[in-house]
Amino acid sequence: MSRMRLALLASAVGLSSAVAVIAVSGPAVADTSLIVKYHCVGGVAGALGVDVEAAVTPKVEPGPKLRIDWALTYLGQRRFGSPGYFAAGSQLNLQGTVNLTGAWNGELRPASTTAQDALKPGDFLKAPAGLSDAGSIDKTGTIRITPTGLAVRFTPAEGEVMVNNNETPPVTYSGTWWHKGPQRGIEDHLNDVHETATKDASAKLTFIGTQVTYVGRRAPGLSPIRVLLDGKPVTDPLVEPGKDESGEPMTGTSAKQDLWTSPELKYGEHTIEVINTQDGTAYLDAFRVKTGKVLNPPEHDEATCAPIGTVNSIDITVTGPSPSPTGTPTSTGTPTSTPTNTATSTPTSTATTTPPTTGGRNPVIQAPEHVIVNHAGRESTTTGTPTPTAGPTATKYVKAQVRKVPTGGVASGEAPETPLEPYLLLGGGAMLLFSSTAGGLMLRRRRAAQAKEVSA
């Protein structure tokens, strides 16, 4: 196959290749990663706050797409903590914000969510190790990437949790109370209970949820109980643990009884307080905290994060697909010029041309390097202009694909391998001339001989 055909094939292959070049500007680490530190306060970060570090890494992927990955680690000993009692399935969501300017103006928001086990107040929350987001690149050029904010959001799981009477905190007691362990024949929650016989003795729980239930014993002669929700009585009647659910006096002892349940509340922080109204016996076994379905992360559980120090940027330069040939070579059956292959010539079929139009927003981005066939017919893995090998100018003839182009046929575009036909014609003509001359001489001799015979 001739070198011209190799060049044509190479330029056709080049239409499907592309170049992605990533250039890092400013202080950066790990090649194309940028380290940003954040201080988060409020919500699940608490009043003292939590410090985290994000390694921001941009990547160019097929599509082409610009992908931003964040690798997160804690700084120091503090962690994001649970704001209350929740069933398994709560979610902690971290979302970063990255501004893009230059050839592509917009914003990417790398994010990730991690599911939690059953939680108590102050339990460490499992944070996602990494965040990610990607967007399509619709043009070539340089894109400046600048990390900005970081949001930490907590979404509680739907369900209910039992808060035992012996959990201090969050249950706080005032007045005289006794903690009593297992009792034969009575199955309290976790086999323990708190008991008081003092008027105005109280127990208080601060919780986050949408509903709460006071759980205790029912038994004969127990003191009436006043219940306050968020510091106020919800109903005037008192709770009477000395009676059954139908209002009849108790004749025995029943454990784990739902003595009072609040109405549905708006999700958030609430308090429940039970107060003994007489110098009689009263019990506290547990509080049942319920959380209804919360569609969006509550604002009061969200931590706000601000960068620590100056935030630098990363510049990424993305080029489009490999250039197409500037024109289509044409040829006739008889070439009008001799194709040459010189060391000092400049390639014109595969370099410095306008990228082809893909008809959409997604030219293909592959590896940062691609193959270019240079003018000398060798392959190069550089993205610059091939450097030709020095040497003398040489002309090489190759054999034509067809000897003669028929009418309506396609010209081969190649010169004959060697110009043998003129020499064959000259040789044939010389032989014909020699034969004609020899034949003429013989004819003249034969006529002369005949003339002599007639005269004799």
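## Asp230 and Leu190: positive phi in loops

Asp230 lies in the loop that runs between strand E16 (225–229) and strand E17 (232–233); strands (E, at least two residues) and helices (H or I, at least four) are DSSP runs, numbered from the N terminus. The model is predicted, so local features need pLDDT of at least 70 and side-chain atom pairs count only at pLDDT 80 or more, while totals for chains, interfaces and linings use all residues. Residues are numbered from 1 along each chain as its sequence is written, and side-chain values use heavy atoms, with hydrogens and water left out.

Most residues other than glycine have a negative phi. Asp230, however, has a positive phi near 55 degrees. With 39% relative accessibility, Asp230 is partly exposed; buried means under 20% relative accessible area, exposed over 50%, and partly exposed in between (1.4 Å probe, protein chains only). Leu190, also not a glycine, has a positive phi of about 60 degrees. Leu190 is placed in the loop between strand E12 (178–180) and strand E13 (193–196), and its relative accessibility of 58% makes it exposed.

## Overall architecture

The protein chain contains two helices and 27 strands. Of its 456 residues, 38% are buried. Among contacts (heavy atoms within 4.5 Å) with a separation of 6 or more, 76% are between residues 24 or more positions apart.

The accessible surface of the chain is about 25,700 Å², and carbon and sulfur atoms account for 54% of it. Accessible areas come from the Shrake-Rupley method with a 1.4 Å probe; for residues, only the protein chains shown count as cover.

## Nonpolar cores

A nonpolar core is a set of buried Ala, Val, Leu, Ile, Met, Phe, Trp, Tyr and Cys residues joined through side-chain atoms within 4.5 Å. The largest one comprises 41 residues, and Cys40, Trp70, Phe80, Ile145 and Val152 have the most contacts inside it. At least two residues of this core come from each of strands E2 (34–41), E3 (50–61), E4 (65–75), E5 (91–102), E9 (141–155), E22 (303–307) and E23 (314–321). Another core, of 24 residues, lies apart from the largest; its members include Val161, Tyr214, Leu229 and Val289.

## Aromatic pairs and the surroundings of Phe287

Five aromatic pairs are found in the whole structure. Rings of Phe, Tyr and Trp (its six-membered ring) pair if their centres lie within 6.5 Å; planes under 30 degrees apart count as stacked, over 60 as edge-to-face and the rest as tilted. Tyr214 and Phe287 form a tilted pair, with 6.4 Å between centres and 40 degrees between planes. The two residues are 73 apart along the chain, Tyr214 in strand E15 (residues 211–218) and Phe287 in strand E21 (residues 286–291), and the pair thus links distant parts of the chain. Tyr214 is buried at a relative accessible area of 1%, and Phe287 is buried at 1%.

Leaving aside neighbours within four places in sequence, Phe287 is in contact with Val161, Met162, Val163, Val171, Leu205, Val212, Thr213, Tyr214, Ile272 and Val274. The C-alpha atoms of Phe287 and Asn164, 123 residues apart along the chain, are separated by 6.6 Å. Elsewhere, the charged end of Arg217 sits over the ring of Tyr283, 4.7 Å from its centre; this requires NZ of Lys or CZ of Arg within 6 Å of the ring centre and within 35 degrees of the ring normal.

## Thr213, Ser262 and Thr113

Thr213 belongs to strand E15 and is buried, with 7% relative accessibility. Its side chain makes a polar contact of 3.0 Å with that of Thr261. A polar contact is a pair of N or O atoms within 3.5 Å; within protein, one must be able to donate a hydrogen and the other to accept it, and residues adjacent in sequence count only if both atoms are side-chain atoms. Beyond residues up to four places away in sequence, Thr213 touches Asp258, Trp260, Thr261, Ala286, Phe287 and Arg288. Ser262 is in the loop between strand E18 (254–261) and strand E19 (268–276). Ser262 is buried, at 3% relative accessible area, and, its neighbours within four places in sequence aside, contacts Gln211, Val212 and Leu229.

Thr113, in strand E7 (residues 111–115), is partly exposed at 40% relative accessibility. Its side chain makes a polar contact of 2.8 Å with the side chain of Asn93. Not counting residues up to four places away in sequence, Thr113 touches Gln91, Leu92 and Asn93. The C-alpha atoms of Thr113 and Ala127 are 7.8 Å apart, with their positions 14 residues apart along the chain.
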